[in-house]
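Got the model open in your viewer? Switch to a cartoon view, keep the selection tool handy, and we'll walk through it stop by stop.

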Amino acid sequence: MAKVIFGNHSSVIVPRKDRDSIRKFYCDVLGGTITLAQDERDFIRLSENYIGFLYGDVADESEFLRTARAMWLEIKSDDVEEMKKKIVSSGVKVLEVPDPHLYFQAPGGQCWRLVGINEDLSFYEGDGEGPNVKKIKEGAKKGFVQ
């Protein structure tokens with residue numbers, strides 16, 4: 001069977017109106033760098049990862065993205081508490097998930113979880129103790145948003 005891994009390049013199509021808030025959040029708050037800026041897209045580097053933001057006249061699906069059907073992405077930091085303060089104070093939508101990590105929706109609609117670089121994340125790999133799954137499912141029914 002062929003081997004598959006996640007790569008370090010992602011892209012997302014977002015409403016054109018979100019461009020300034022996306023740049024501010026991913027560059028000013030998270031410390032990313034714009035590696036290419038064009039009329040219809042930005043490429044932003046976060047450490048060894050790249051996100052392409054393709055701007056267009058698309059519907060703002062933010063409400064849908066905050067549902068349990070959202071794909072949760074992960075950001076790692078060497079100082080989780082400092083990064084948590086920066087993220088929350090930037091005005092993102094904090095999501096109420098019964099898990100010890102910060103979950104939030106970034107400008108553009110992406111849902112993220114903040115974890116430590118050296119944190120034991122074995123639970124998220126299918127091993128070890130972790131959050132109460134029953135509470136997570138109950139939270140999903142409520143829509144997660146604080």
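A word on vocabulary before the first stop: two strands count as paired here if DSSP finds at least two bridges between them. Also keep in mind that this is a predicted model.

**The whole chain**

Start with everything selected and coloured by secondary structure. You should find four helices and eight strands. Followed along the sequence, they come in the pattern β-α-β-β-β-α-β-α-β-β-β-α. Of the chain's 146 residues, 35% count as buried. Now think about contacts between residues at least 6 apart in sequence: 57% of them join residues at least 24 apart. If you turn on a surface, about 9,600 Å² of the chain is exposed, and carbon and sulfur atoms supply 51% of that.

**First sheet**

Next, select β1 to β4. They make an open sheet of four strands in the order β1-β4-β3-β2, and the pairing is mixed. Which strands are at the edges? Those are β1 (9–15) and β2 (33–38), each of which pairs on one side only. Look along the sheet and you can judge the turn between neighbouring strands, which averages 20 degrees with direction ignored.

Zoom in on β1 and β4 (residues 49–56). These two run parallel, joined by seven bridges. To see one of the bridge pairs, pick Ser-11, whose partner in β4 is Gly-52.

Now add helix α1 (residues 19–29) to the selection. The helix lies across β1, β2, β3 (41–46) and β4, and runs at about 15 degrees to β3.

**Val-14 and Pro-15**

Stay on strand β1 and click Val-14, which has its place there. Is Val-14 buried or exposed? It counts as buried, because its relative accessibility is 0%, and the cut-off for buried is under 20%. Show what surrounds it: leaving aside neighbours within four places in sequence, Val-14 is in contact with Ile-22, Phe-53, Leu-54, Tyr-55, Gly-56, Val-58, Gly-108 and Gln-110. Try a distance label too: the C-alpha atoms of Val-14 and Tyr-55 are separated by 5.3 Å, although the two residues are 41 apart along the chain.

Pro-15 is also found in strand β1. Pro-15 is buried, with a relative accessible area of 7%. Draw a line from its C-alpha to that of Leu-54, 39 residues away along the chain, and you get 8.4 Å.

**Ser-47**

Move to the loop between β3 and β4 and select Ser-47. Why stop here? Most residues other than glycine have a negative phi. Ser-47, which is not a glycine, has a positive phi of about 60 degrees. Ser-47 is exposed, with a relative accessible area of 55%.

**Second sheet**

Hide the first sheet and bring up β5 to β8. Here is an open sheet of four strands in the order β5-β8-β7-β6, with mixed pairing. β5 (72–77) and β6 (93–95) stand at the edges with a single partner strand each, so one side of each has no neighbour in the sheet. From one strand to the next, the twist averages 35 degrees.

Select β7 (residues 102–105) together with β8, and you have an antiparallel pair with four bridges. Phe-104 is easy to place, standing opposite Trp-112 in β8. Add helix α3 (residues 80–89), which packs on this sheet and touches β5, β6, β7 and β8. The direction of α3 makes about 155 degrees with that of β8.

**Arg-113**

Click Arg-113 in strand β8 (residues 111–116). At 13% relative accessibility, Arg-113 counts as buried. What does its side chain make a polar contact with at 2.7 Å? The partner is the side chain of Glu-74. Another polar contact, of 3.4 Å, joins the side chains of Arg-113 and Tyr-103. Beyond residues up to four places away in sequence, the residues that Arg-113 touches include Leu-73, Ile-75, His-101, Leu-102 and Tyr-124.

**Aromatic rings**

For the last stop, show the side chains of Phe-25, Tyr-26, Phe-53, Phe-104 and Trp-112. Ring pairs link these residues into a cluster. How many aromatic pairs are there to look for? The count comes to four aromatic pairs.

Note on methods:
Residues numbered from 1 in each chain as written. Predicted model: local features only at pLDDT ≥ 70, side-chain atom pairs only at ≥ 80, totals over all residues. Heavy atoms only, no water. Axes fitted to C-alpha atoms, helices over the stretch in contact; angles between N-to-C directions. Contact = heavy atoms within 4.5 Å. Buried < 20%, exposed > 50% of the residue type's maximum accessible area, 1.4 Å probe, protein only. Polar contact = N/O pair within 3.5 Å; in protein donor to acceptor, adjacent residues only side chain to side chain. Phe/Tyr/Trp six-rings, centres within 6.5 Å; stacked < 30°, edge-to-face > 60°. Areas by Shrake-Rupley, 256 points an atom, 1.4 Å probe, with all protein chains shown as cover.
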